[in-house]
Amino acid sequence: MNILHITIHPISLERRIHNQINAAQDQSHIVSAMYLDNGNENTGSKNGDFLKIPLRTPFYRGGPLKFLHFNWKVLIAGFKCDFDVIHAHDLWILPAATLMSVLRRKKMIYDAHEYYPGLEIFTRRKMRKWLWIVVEKICIKHAVCVITVSQPLAKLYIDKYRLRIPVEVIRNVPGYE
């Protein structure tokens, strides 16, 4: 199976994604990762043999243009990729991942690392918070599975969106050495 991981962060900062890539490779899956390239990438996958698809945006620092531009680039690049499953990391790239999933009739996994409406950045930005809640509510319905980092967060997602799909917990802990 071909799995495409997508994140709006530099892949070198995403230990959780590397762990998931390594686990998928251990199961003989073919893995690709599409990520924000900050021009300073030093990937650290165990095998290092996954396809890396760096995407750049002039809006690296953030704001609405970063999300819109990056989602647009993900959408365009995604139509050039071969995959069976899209693994969408975080709410920020969920719109593009959902659209690719629907248009290409591929399965999508939503990896919600945290509960986004509860983030401090939305404390005074009520309109943005509402917008992202609506985006998540619409897009999450297209996922075949949701992954979170804790049981309380899994229950929150099940209750809030009345999910009937599996909600799995993958804890964010360092690897055993």
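Guide: Welcome! A residue is called buried under 20% relative accessible area, exposed over 50%, and partly exposed in between. Please keep in mind that we are looking at a predicted model.

Visitor: Thanks! Why is leucine 99 called partly exposed?

Guide: Leucine 99 has a relative accessibility of 40%. That value lies between the cut-offs of 20% and 50%, so leucine 99 counts as partly exposed. You will find leucine 99 in helix α3, residues 94–104.

Visitor: Which residues form a nonpolar patch on the surface?

Guide: The patch is formed by Phe79, Leu99, Val102 and Leu103, and together they have about 360 Å² of accessible area. A patch residue needs over 30% relative accessible area, and leucine 99, at 40%, is above that cut-off.

Visitor: Let's turn to helix α4. How do you know that its span agrees with its number of residues?

Guide: Helix α4 runs over residues 126–139, which is 14 residues. The expected span is 1.5 Å times one less than the number of residues, so α4 should span 20 Å, and its end C-alpha atoms are indeed 20 Å apart.

Visitor: And which residues of α4 are buried?

Guide: They are Trp132, Val135, Glu136 and Cys139. These residues cover an arc of only 95 degrees around the axis, and therefore they lie on the same side of α4. The face turned away from that buried side carries Lys126, Met127, Trp130 and Ile138, which are exposed.

Visitor: What covers the buried residues of α4?

Guide: The cover includes α2 (64–78), α3, β5 (107–111) and α5 (151–161).

Visitor: How many salt bridges does the structure hold?

Guide: There are 3 salt bridges in the structure.

Visitor: What makes the contact of aspartate 111 and arginine 16 a salt bridge?

Guide: Their side chains meet at 3.1 Å, N to O. The cut-off is 4 Å between a side-chain nitrogen of Lys or Arg and a carboxyl oxygen of Asp or Glu, so this pair qualifies. The two residues link distant parts of the chain, 95 residues apart: aspartate 111 belongs to strand β5 and arginine 16 to helix α1 (residues 15–26). Aspartate 111 and arginine 16 are both buried.

Visitor: Where in the chain are arginine 56 and aspartate 37?

Guide: Arginine 56 and aspartate 37 form a salt bridge as well, at 3.4 Å from N to O. Arginine 56 sits in the loop between β3 (51–55) and α2, while aspartate 37 sits in the loop between β2 (30–36) and β3, and 19 residues separate them.

Visitor: Is each partner buried or partly exposed?

Guide: Arginine 56 has a relative accessible area of 47%, so it is partly exposed. Aspartate 37, at 15%, is under the 20% cut-off and therefore counts as buried.

Visitor: Which residue forms a salt bridge with lysine 155?

Guide: The partner is aspartate 159, with the closest N and O atoms 2.7 Å apart. Lysine 155 and aspartate 159 are 4 residues apart in helix α5, so about one helical turn separates them. Aspartate 159 is partly exposed because its relative accessibility is 45%.

Visitor: Now the backbone. What is notable about the phi of serine 28?

Guide: The phi of serine 28 is near 70 degrees, a positive value in a residue other than glycine. Most residues other than glycine have a negative phi. Serine 28 lies in the loop between α1 and β2. Arginine 105 also has a positive phi, about 55 degrees, and is not a glycine; its place is the loop between α3 and β5.

Visitor: Why are serine 28 and arginine 105 called exposed?

Guide: Serine 28 has a relative accessibility of 63% and arginine 105 has 78%. The cut-off is over 50%, so serine 28 and arginine 105 count as exposed.

Visitor: Last one: why does valine 146 count as buried?

Guide: Its relative accessibility is 0%, which is under 20%, so valine 146 counts as buried. Valine 146 is in strand β6, residues 145–148. Beyond its neighbours within four places in sequence, valine 146 has contacts including Tyr110, Ile140 and Leu163. Valine 146 and tyrosine 110 are 36 residues apart in sequence, with their C-alpha atoms 4.8 Å apart.

Key:
Residues are numbered from 1 along each chain as its sequence is written. This is a predicted model: local features need pLDDT of at least 70, side-chain atom pairs count only at pLDDT 80 or more; totals for chains, interfaces and linings use all residues. Side-chain values use heavy atoms; hydrogens and water are left out. Patches are made of residues with over 30% relative accessible area and no salt bridge: like charges are joined within 9 Å, nonpolar side chains (Val, Leu, Ile, Met, Phe, Trp, Tyr) within 5 Å. Accessible areas come from the Shrake-Rupley method with a 1.4 Å probe; for residues, only the protein chains shown count as cover. Buried means under 20% relative accessible area, exposed over 50%, partly exposed in between (1.4 Å probe, protein chains only). The arc is that of the directions from the helix axis to the C-beta atoms. Contact means heavy atoms within 4.5 Å.
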